Amino acid sequence: MEFTANQIAGILNGQIEGDADAKVSKLSKIEEGVPGSISFLANPLYTQYIYSTRASIVILNKDFQLTAPVHTTLIRVDNAQVAFGKLLEMYNQVKLNKSGISKQCFISDTAKLGQNCYVGEFAFIGDNVKIGNSVKIYPQAYVGDNTEIGDNTIVYANVTLYSETIIGKNCIIHSGTVIGSDGFRFAPEQGENTKIPQIGNVLIEDDVEIGANCAIDRATLGSTILRKGVKFDNLIHIAHNVEIGENCYLAACNVIAGSTKIGKNCMFSGQVGIIGHLDIADGTKITAQSGISKSITKPNEIYSGSPAFEVSKYRKVYVHYRNLENIVRRLKELEKQTKEQ
């Protein structure tokens, strides 16, 4: 699709400098701009490219001061990065605007689909499944029996939704993710481990996004829960009966053990591990590669280390840790002096 600078400025509430009829049909980095593309400038490190880019249109902040002529049409906005993000979202909506039911998918006679849904090739939709309006199920996805999916949710290729999974509206589930597999629970008995049946489910509320290759276990009883607005990066494991509060952000390779309860508005960096049956307070932030071994009761604190503790204490301890060799050397010298006396 082709858009003019005038059309884009109208969408972004921007001000045009240059050719209002300049046309673009694709997006580009500012340093890789070509005729017919649109880019943006937000990071000062890329300022030099505004004067050399071949992009037909560039979005930039209203307060940016030019120091030389440019060869592109400018659209000035309050926040160039936010404005370009809106364009990316529009682009995605056009690009991913799939519709129709493939003749090569399987849909149970007892399943119910809403209006304007897309179901791709070799997708499987089981018995008594309920799917809302404008849902997209990409090729080779598996939707188990009695699953529910809310309006406008996207389930990408090769996602597996086990039976009884409930997913809200406006969710995005990326490829390779498995939701509702059995929790890891066994009972030792006479030298053997007896499997404990996992008969609960997974409940995912509205506006949740789950990255690629995540694993979210079903509950032993009740539900494993992801509350509204939760965002997951790739390669995250959530064990049985975990509950994650609203608007939490988890970076790649987080692992949360069974029955732990996470408050709302928490942010965990990559490779965070949390043991089971803990409570984590609202607004908690945990730095990369930290291990949480006890509950966090005070909200809005930052934790580091393994086992983790308050970041202010961690930084002080880490200074001593880096000087440990010198401290040991000085201690040995003092011991030697004491013996000589």
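User: How do the residues of the lining of the largest cavity divide into nonpolar, polar and charged?

Analyst: In this predicted model, the lining has four nonpolar residues, three polar and one charged. The residues concerned are Gly291, Ile292, Ser293, Lys294, Ser295, Ile296, Tyr303 and Ala308. Lys counts as charged, and Lys294 is in the lining. Gly counts as polar, which places Gly291 in that group.

User: What makes this space a cavity, and how much space lies in it?

Analyst: A cavity is space where a 1.4 Å probe fits but cannot get out. About 40 Å³ lies in the largest one. The search of the whole structure finds one cavity of 30 Å³ or more.

User: How do you know how many disulfides there are?

Analyst: A disulfide needs two cysteine sulfur atoms within 2.5 Å. The search of the whole structure finds zero. For Cys105, the nearest cysteine sulfur is that of Cys117, 11 Å away. Set against the cut-off of 2.5 Å, that distance leaves Cys105 in no disulfide. Cys117 is likewise in no disulfide, its nearest cysteine sulfur being that of Cys105.

User: Why is Cys105 called buried? And why does Cys117 count as buried?

Analyst: Buried means under 20% relative accessible area. Cys105 has 16%, so the word applies. Cys117 has 7%, so it also counts as buried.

User: Which residues of helix α1 are buried, and how do you know where on the helix they lie?

Analyst: In α1, residues 5-12, the buried ones are Ala5, Ile8, Ala9 and Leu12. Seen down the helix axis, these residues fall within an arc of 100 degrees, so they line one face of α1. An α-helix has 3.6 residues a turn, so residues three or four places apart point the same way.

User: What phi does Asn13 take, and where is Asn13?

Analyst: Asn13 comes just after α1 and takes a positive phi of about 55 degrees.

User: Why are β19 and β24 said to pair, and in which sense?

Analyst: Two strands pair if there are at least two bridges between them. Strand β19 (residues 166-167) and strand β24 (residues 201-204) have two bridges, so they meet that condition, and they pair in the parallel sense. Ile167 stands opposite Ile204 in β24.

User: What makes β10 and β36 edge strands?

Analyst: Each of them pairs on one side only. They belong to an open sheet of nine strands with parallel pairing, in the order β10-β13-β16-β19-β24-β27-β30-β33-β36. Strand β10 covers residues 112-113, and strand β36 covers 279-280.

Definitions and conventions: Residues are numbered from 1 along each chain as its sequence is written. This is a predicted model: local features need pLDDT of at least 70, side-chain atom pairs count only at pLDDT 80 or more; totals for chains, interfaces and linings use all residues. Side-chain values use heavy atoms; hydrogens and water are left out. On a 1 Å grid over the protein atoms alone, a cavity is a set of points where a 1.4 Å probe fits but cannot get out, and a pocket is an open set with protein on both sides within 12 Å along at least five of seven lines; lining residues have an atom within 4 Å of a point. Grid points are joined across faces, edges and corners, and a volume is the space filled by probe spheres set on the points. Helices (H or I, at least four residues) and strands (E, at least two) are DSSP runs, numbered from the N terminus. Buried means under 20% relative accessible area, exposed over 50%, partly exposed in between (1.4 Å probe, protein chains only). The arc is that of the directions from the helix axis to the C-beta atoms.
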